[in-house]
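Colleague: I'm new to this one and would like a close look at a single part of it. Could you walk me through it in plain words?

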Amino acid sequence: CIRDRYWSRFKSCAESFSLGEILNGRPHYVRGYIGPLDSVLNYPIYWDLTRTFKGSSFQALTNKINELEGIYGHELNYMGVFVDNHDNARFLHGYGNWDNLIGALVLSLIH
């Protein structure tokens with residue numbers, strides 16, 4: 001874990017948009033990195049997004065989106081939504097439903 005002070009100094013020297021990966025699903029914890037970083041990957045929605053497209057109810061995903069809108073406000077628009085990455089099992093691993101993967105990818109692009 002790299003301290004907030006480092007990211008603030010790095011961002012001012014780099015003069016670029018900074019997007020961090022905070023592998024944590026707790027929205028308020030992840031929110032603490034926005035400021036020192038310009039934005040972060042949206043791990044708080046990742047878990048609900050993948051569960052929904054692997055067969056769970058859309059209601060849980062809707063509830064999570066509403067919760068995150070209340071916590072992040074306009075910053076939610078800058079957060080990186082993703083379906084797959086190198087730190088987690090791939091969406092198709094052990095599931096294999098291409099149609100649901102496509103649905104999850106589409107939602108990640110439009111949200």
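Colleague: Is the crossing of α3 and α4 left-handed or right-handed? Please tell me about the residues there and any cavity too.

Modeller: Sure, and keep in mind that this is a predicted model. The crossing of α3 and α4 is left-handed. As for how the two helices lie, α3 packs against α4, residues 58-72, at an angle of about 165°, and their axes are 9 Å apart. An angle over 145° counts as roughly antiparallel, so α3 is roughly antiparallel to α4.

Now for the side of each helix that takes part. From α3, the residues in contact are P44, I45, D48, L49, T52 and F53, and from α4 they meet F58, A60, L61, K64, I65, L68 and Y72. Sorted by class, that contact has 10 nonpolar residues, one polar and two charged.

On to the empty space. The count comes to one cavity of 30 Å³ or more, and the largest cavity has a volume of about 40 Å³. Its lining is made up of I45, L49, I65, V81, L107, S108 and H111. Two elements, α3 (43-53) and α5 (98-110), give two or more residues to that lining. By class, the lining residues are five nonpolar and two polar, with no charged ones.

Here is where the two parts of the story join up: I45 and L49 of α3 and I65 of α4 belong to the helix contact, and I45, L49 and I65 also line the largest cavity.

Methods. Residues numbered from 1 in each chain as written. Predicted model: local features only at pLDDT ≥ 70, side-chain atom pairs only at ≥ 80, totals over all residues. Heavy atoms only, no water. 1 Å grid on protein atoms, 1.4 Å probe; cavity = no way out; pocket = protein on both sides within 12 Å on 5 of 7 lines; lining within 4 Å. Points joined across faces, edges and corners; volume = space filled by probe spheres on them. Helix = DSSP H or I, 4+ residues; strand = E, 2+ residues; numbered from the N terminus. Nonpolar A, V, L, I, M, F, W, Y, C, P; charged D, E, K, R; others polar. Axes fitted to C-alpha atoms, helices over the stretch in contact; angles between N-to-C directions. Parallel < 35°, antiparallel > 145°, perpendicular 65-115°, else oblique. Left-handed = near helix turned anticlockwise from the far one by under 90°. Contact = heavy atoms within 4.5 Å.
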